[in-house]
Amino acid sequence: MASLSCSTLTTSIFHTPLLLKTPKPTKSKNGTNGFPYSCKKPISCHNKNNYEPQIGPIDRRNMLIGLGGLCGSAATLNSGLPANTLAATIEPDYQNCTLTDAAWDGSVGDQCCPPKIDPSKLVDFKFENYPNPVLRVRKPAHLAMKDPIWLEDYKTGIAKMRSLPTTDPRSLVQQARVHCAYCDGAYPVVGYPDTRLEVHTTWLFASFHRWEIYFFERILGKLIGKPGFALPYWNWDHPDGMRIPAMFNDINSSLYDPKRNPDHLTKVVDLAYNKSFIEPDYNDQEQIQQNLLLVRKQMLYVTKPELFFGAEYVAGDVGQFKSANAGSLERSPHNNIHIWTGQKTEGGQNMGAFWSAARDPIFYCHHANVDRMWDIWTRDLPGEGRVNLNVPDYLNIYFIFFDENANPVRVYIRDSFDSEKLGFTYQKQPLLWLDRNKTAPKPKRTTLKAVPKRRTAVKSDVVEFPKTLNSVIETKVERPKKNRSAIEKEKEEEVLVISFESGMWMGFCKFDVYVNDDGKYDLKGKTQIKDEYAGSFTSLGHKDGEKGMMRNGMGKNIELKLALTNLLDDIGAAEDEAIQVAIVPRIGTESIVITGVDIQFIA
Ligand code: C2O
């Protein structure tokens, strides 16, 4: 049996600059494989002098939290999910694509059914069948477009996709249908005809979308006769990339989509966008700082797979509405960018609704950056919790896409983890959000006073649930553990769990969560990203299957899980016995009923 000593780990992680960290193994370092870690001298695991990040100053304390538990987490390295996930693997019933009423006007149609798949033609994905002449280097869009040859290729490729016959699965229209099929419940789940497969708000999100842009990129390359062609990524986590890349605004090009919000074409993106009636009143610099802090929180403060990738989803679940818990990768800013880019009317078309999003070429550019965030989270950020999930039911889930020759191919989640093996990589860009000093200014502290040891006197601050979310809800939440060591913090993330139920929402839905904040919220205003901001629930409205097949049992047991450990350190509340939690409704929350606010610990 392999055994890693503390010093082995120290060498491999500590001596490698942050952004050049050797790709982590594709197979997760998962306890389920019986992969033992031993650590006899945990103290040496957080010798900060050994760790030199490559770019700029970085918050040491986060590094220590991230690294301190390399050894401390010995006993609990795992998928971050319950081990008893033994239900059947999800399989799409691709022969039975159903009509949906996903479109904004409620009409029932087949807008989510790609061309029928001939089962005799369907093959399993094999790496050797999809060779790559070169490693495709995906570049930030705002830099890639400076290369006129690349830009011409890109426009030509999209133009060709647009002009393919609409029966061709490689046409833009059909590519969008493939997304719609998996996002609006067009496929029943094999063995569970009353449920519809849904890739959003679950752990399917990252992998499904990686495969989607993988084939989109191969198709583009084939159509222009350049098999090494690489997609651009919308570098919205860097100040230079925080506007719609200019090439998408060229009205005469194939990259243009008229169904975008005309007010946002040249604006700095608001990564916490509320779609409220009042547009953000920040100047560009303030908006950029807010955005950087948001990305910092969704990436660096999120330390466990469940919190990053989303909740487990196995056959028999009714998809997103049972224990729905999108990960930070999906919730914000991914969802917000969809809404911010799409129109304000017509149900948010194109980008603002899942059924139509992939009709806009910018969708694939946006998702390339989402995909890049996945790579950065698992490879470049510190902390042994940042691993791909290693749960058999998860690894064996498959989707069906069409390749560059229009052939159907069955792809498995297990083959999606290693981007270089798939033939692509991302050109490095500085990660300014790692530097706390480049993000939004720190507000002044308003910590809740420590409560006395005997709690009988503080009851008045604790709200009774259930409570409808039609105004700000503020409640006190007691903390089961405090004063945790760096090793304990690495081992277990302290997580704020907002439990709620909801009726159907058809449009964008969002509420924000703050901890120990001063409590002045302009409900029609902008979300302020600051240290006290813990995260948001965001959901693009969409239906699943005709008449919303998933409504049965819908809206129960939804949980929003937000990492607290770094936040509490930021606001100086790590030793407090209780925290004050504010839930701030933003849009579409009319039918949301909060049923509980608790703290859990996730290993
Ligand atoms: Cu399937 Cu960005 O969405």
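Contact here means heavy atoms within 4.5 Å. In this predicted model, Phe399 is in contact, once its neighbours within four places in sequence are set aside, with Tyr182, Val199, Leu204, Ser207, Phe208, Trp211, Val409, Arg410, Val411 and Ile413.

## Nonpolar cores

Phe399 is also one of the residues with the most contacts inside the largest nonpolar core, a set of 129 residues in which Phe125, Tyr154 and Tyr182 are named beside it. Helix α6, residues 205-223, gives the most to this core, with 11 residues. A second core of 28 residues is separate, and includes Ile498, Leu567, Ile571 and Ile599.

## Disulfides and cysteines

The structure holds 2 disulfides. In one of them Cys97 and Cys113 are joined, with their sulfur atoms 2.0 Å apart, and the link is left-handed, with -95° about the S-S bond. Cys97 and Cys113 both lie in the loop between α2 (60-72) and β1 (123-124), 16 residues apart, and the pair is counted as linking distant parts of the chain. The other disulfide joins Cys112 to Cys180, with an S to S distance of 1.8 Å; here the loop between α2 and β1, which holds Cys112, is tied to helix α5 (residues 172-183), which holds Cys180, over a separation of 68 residues.

What keeps Cys183 from a bond with the closest cysteine sulfur? That closest sulfur belongs to Cys180 and lies 7.3 Å from the sulfur of Cys183, which is too far for a bond, since a disulfide requires a pair of cysteine sulfur atoms within 2.5 Å.

The table gives the relative accessible area of these cysteines, together with that of Cys509.

| Cysteine | Relative accessible area | Class |
|---|---|---|
| Cys97 | 25% | partly exposed |
| Cys113 | 12% | buried |
| Cys112 | 1% | buried |
| Cys180 | 0% | buried |
| Cys183 | 0% | buried |
| Cys509 | 0% | buried |

## Helices α9 and α11

Helix α9, residues 328-341, has 14 residues that should span 20 Å at 1.5 Å a residue, and the 19 Å between its end C-alpha atoms agrees with that value. The helix nevertheless bends by about 35° at His334, and it is mostly covered, with 14 of its 14 residues buried. Pro333 lies in α9 as well, and a cis peptide bond, with omega about 5°, joins Ser332 to Pro333.

Helix α11, residues 362-380, has 19 residues and reaches 26 Å from its first C-alpha to its last, close to the 27 Å expected at 1.5 Å a residue. It too is mostly covered, since 19 of its 19 residues are buried. Met373 lies in this helix and is itself buried, with a relative accessible area of 0%. Not counting residues up to four places away in sequence, Met373 touches Trp236, Asp237, Gln298, Met299, Phe308 and Leu329. The C-alpha atoms of Met373 and Tyr426, which are 53 residues apart along the chain, are separated by 10.0 Å.

## Strand β11

Which residues does Val497 touch, when residues up to four places away in sequence are not counted? They are Glu559, Leu560, Lys561, Gly596, Val597, Asp598 and Gln600. Val497 is found in strand β11, residues 493-502, and is buried, with a relative accessible area of 1%. With Val597 the C-alpha to C-alpha distance is 5.7 Å, although the two residues are 100 residues apart in sequence.

## Backbone details in loops

A further cis peptide bond runs from Gln349 to Asn350, with omega near -10°, and Asn350 has its place in the loop between α9 and α10 (354-357).

Ala406 has a positive phi of about 70° although it is not a glycine. This residue is placed in the loop between β6 (398-402) and β7 (408-412), where it is partly exposed, with a relative accessible area of 25%. Asn483, likewise a residue other than glycine, has a positive phi near 50°. Its place is in the loop between β10 (473-478) and α14 (486-491), and Asn483 is partly exposed, with a relative accessible area of 46%.

Key. Residues numbered from 1 in each chain as written. Predicted model: local features only at pLDDT ≥ 70, side-chain atom pairs only at ≥ 80, totals over all residues. Heavy atoms only, no water. Helix = DSSP H or I, 4+ residues; strand = E, 2+ residues; numbered from the N terminus. Buried < 20%, exposed > 50% of the residue type's maximum accessible area, 1.4 Å probe, protein only. Expected span 1.5 Å × (residues − 1). Bend = angle between axes of the 7 residues up to and from the residue. Core = buried A, V, L, I, M, F, W, Y, C linked by side-chain atoms within 4.5 Å.
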